[in-house]
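Visitor: I have not looked at this one before. Can you walk me through it?
Guide: Sure. Here it is.

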Amino acid sequence: MSKPTDKSSATEATEFAAFNPDKATDQLRAVADKGMEQTNEVLQKFKGAEETQKALESSAETAKSAGNELSLKMIAALRANAEADFSHLEALVRVKSLSEVFELQRIFLRKRVEMGVEQVKDIQALTARAAADVSKPVKDAFAKALKGLEAA
């Protein structure tokens, strides 16, 4: 076995002498701080993703509810239209003259147009409210995320 040369012993001594425990502690603390910072960032992102998921679930539930309400409104409108049509047919069956037919038809068409306009207004209002309700949780989550980014 060969003995270490004086040169290699001197190098090891120099390297050991260069090691400063205070600097190592500071470096370890900096690494730990950086690790904690990254962990907090990941947790905030996870929290943001969880809030986004909740917002999407809320929007989906609201959309389902709004869809049901809209369907019921459409069914009611169709029922009202069918009843008006049958009433008109019954009235037409009982007419005695051509002038009565024209008068009934004129009244019927005017009422149907008014009824149609009202139904469209109701459905538009319901659809606009549903769109606002469905998008609100997502808008709120997005605004909160933007505030978080601005704060960072």
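Guide: Let me start with one pair: lysine 121 and glutamate 118 both lie in helix H3, 3 residues apart, which is about one turn of the helix. This is a predicted model.

Visitor: OK, what do the side chains of lysine 121 and glutamate 118 do?
Guide: They meet in a salt bridge, at 4.0 Å from N to O.

Visitor: Why would side chains pair up like that?
Guide: Side chains of opposite charge can pair when their charged atoms come close.

Visitor: How exposed are lysine 121 and glutamate 118?
Guide: Lysine 121 counts as partly exposed because its relative accessibility is 48%. Glutamate 118 is partly exposed too, with a relative accessible area of 42%. The range for that label runs from 20% to 50%.

Visitor: How many salt bridges are there in the whole structure?
Guide: A search of the whole structure finds 6.

Visitor: Which residue does arginine 106 pair with?
Guide: Glutamate 103; their side chains form a salt bridge with an N to O distance of 2.5 Å. Both residues are in helix H3, which covers residues 98-151, and they sit 3 residues apart, about one turn of the helix. Arginine 106 has 46% relative accessibility, so it counts as partly exposed. Glutamate 103, at 35%, is also partly exposed.

Visitor: And arginine 110, what is its partner?
Guide: Arginine 110 meets glutamate 114 in a salt bridge of 3.4 Å, N to O. These two are 4 residues apart in helix H3, again about one turn. Arginine 110 is partly exposed at 42% relative accessibility, and glutamate 114 is partly exposed at 44%.

Visitor: Let's zoom out. How many helices and strands does the protein chain have?
Guide: The protein chain has 3 helices and 0 strands. Along the sequence the pattern reads α-α-α.

Visitor: What share of the residues is buried?
Guide: Buried residues are 8% of the 152 in the protein chain.

Visitor: And how much area does the chain expose?
Guide: About 12500 Å², with carbon and sulfur atoms supplying 63% of it.

Visitor: What about contacts between residues 24 or more positions apart?
Guide: Taking the contacts in the protein chain with a separation of 6 or more, 76% are between residues at least 24 positions apart.

Visitor: Give me an example of residues far apart in sequence. Where is lysine 136?
Guide: Lysine 136 is in helix H3. Lysine 136 and serine 59 are 77 residues apart in sequence, but their C-alpha atoms are 7.6 Å apart in space. Lysine 136 counts as partly exposed, because its relative accessibility is 47%.

Visitor: Now glutamine 119: buried or exposed?
Guide: Glutamine 119 counts as buried, since its relative accessibility is 16% and the cut-off for buried is under 20%. Glutamine 119 is also found in helix H3.

Visitor: What does glutamine 119 touch?
Guide: Leaving out residues up to four places away in sequence, glutamine 119 touches Ala77, Ala80 and Asn81. Take alanine 80: it is 39 residues from glutamine 119 in sequence, and the C-alpha to C-alpha distance is 9.8 Å.

Visitor: Different topic, pockets. How does one find empty space in a model anyway?
Guide: Rolling a probe the size of a water molecule over the atoms shows where empty space is left.

Visitor: How much space lies in the second largest pocket?
Guide: About 160 Å³.

Visitor: Which residues line the second largest pocket?
Guide: Ala84, Ser87, His88, Ala91, Leu104, Ile107, Phe108, Lys111, Arg112 and Met115.

Visitor: Which helices do they come from?
Guide: Helix H2, residues 21-93, and helix H3 each supply at least two residues of that lining. H3 gives the largest share, 6 residues.

Visitor: How many of the lining residues are nonpolar, polar and charged?
Guide: The lining of the second largest pocket divides into 6 nonpolar, 2 polar and 2 charged residues.

Technical notes: Residues numbered from 1 in each chain as written. Predicted model: local features only at pLDDT ≥ 70, side-chain atom pairs only at ≥ 80, totals over all residues. Heavy atoms only, no water. Buried < 20%, exposed > 50% of the residue type's maximum accessible area, 1.4 Å probe, protein only. Contact = heavy atoms within 4.5 Å. Areas by Shrake-Rupley, 256 points an atom, 1.4 Å probe, with all protein chains shown as cover. 1 Å grid on protein atoms, 1.4 Å probe; cavity = no way out; pocket = protein on both sides within 12 Å on 5 of 7 lines; lining within 4 Å. Points joined across faces, edges and corners; volume = space filled by probe spheres on them. Nonpolar A, V, L, I, M, F, W, Y, C, P; charged D, E, K, R; others polar.
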